[in-house]
Amino acid sequence: MDIQIKKGLLDVCVLALLKRGDSYGYQIVSDLSEVIDISESTLYPILKRLEIGGLLVTYTREHGGRLRRYYRITRLGMKRLEEFSREWRELKKINAFIQGDDV
């Protein structure tokens, strides 16, 4: 898969996961690895980029005597998911055209 396409898909997958509820790095990797290949070293730059872009926010909470960083999707992040859904429907039409299916 093209690296730029995968990068965009990973962003959306992270946002979609956070739409279900706040989460932390290790759990995000664990949950997403069921659908797409991702490592912690790949995830953290994505999280930082999404945070800088205002698509998610972070907060810390104590867990087992240590602070854990949690991530929460923002309204802007929700808007990005909606935009992606529209884009995805358009891509499905294009794919159907390429395949010779009725559009």
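In the predicted model, the second largest pocket is bordered by 10 residues, and those lying nearest its centre are Ile5, Leu9, Phe84, Trp88 and Leu91. The volume of this second largest pocket is about 180 Å³. Two helices, α1 and α4 (75-99), each contribute at least two residues to its lining, with α4 providing the largest share, five residues. By residue class, the lining of the second largest pocket comprises seven nonpolar residues, one polar residue and two charged residues.

The largest pocket encloses about 210 Å³ of space. Its lining is made up of Leu9, Val12, Cys13, Ala16, Leu17, Arg20, Asp31, Leu32, Glu34, Val35 and Phe84, and the elements from which two or more of these residues come are α1 (3-20) and α2 (25-32). The largest share of this lining is supplied by α1, which accounts for six residues. Eight of the lining residues of the largest pocket are nonpolar and three are charged, whereas none is polar. Leu9 and Phe84 belong to the lining of the largest pocket and also appear among the residues nearest the centre of the second largest pocket.

Turning to the interior, the largest nonpolar core consists of 22 residues, within which Val14, Leu18, Ile28, Leu32, Leu43, Leu47 and Leu50 have the most contacts. Two or more residues of this core are given by each of α1, α2, α3 (40-52), β3 (66-73) and α4, and the greatest contribution, seven residues, is that of α1. Such an arrangement may be set beside a broader tendency, in that nonpolar side chains in soluble globular proteins tend to be buried together. Leu32, one of the core residues with the most contacts, is also found in the lining of the largest pocket.

The surroundings of Leu50 illustrate the contacts made by one of these core residues: when neighbours within four places in sequence are left aside, Leu50 is in contact with Asp11, Val14, Leu15, Leu55 and Leu56. Of these partners, Val14 is itself listed among the core residues with the most contacts.

A further site concerns Ser23, which is located in strand β1 (residues 23-24). Ser23 is classed as buried because its relative accessibility is 7%, a value that falls under the 20% cut-off for burial. Apart from neighbours within four places in sequence, the residues in contact with Ser23 are Leu18, Ile28, Arg69, Tyr70 and Tyr71. Among these, Leu18 and Ile28 are also counted with the residues that have the most contacts inside the largest nonpolar core.

Key: Residues numbered from 1 in each chain as written. Predicted model: local features only at pLDDT ≥ 70, side-chain atom pairs only at ≥ 80, totals over all residues. Heavy atoms only, no water. 1 Å grid on protein atoms, 1.4 Å probe; cavity = no way out; pocket = protein on both sides within 12 Å on 5 of 7 lines; lining within 4 Å. Points joined across faces, edges and corners; volume = space filled by probe spheres on them. Helix = DSSP H or I, 4+ residues; strand = E, 2+ residues; numbered from the N terminus. Nonpolar A, V, L, I, M, F, W, Y, C, P; charged D, E, K, R; others polar. Core = buried A, V, L, I, M, F, W, Y, C linked by side-chain atoms within 4.5 Å. Buried < 20%, exposed > 50% of the residue type's maximum accessible area, 1.4 Å probe, protein only. Contact = heavy atoms within 4.5 Å.
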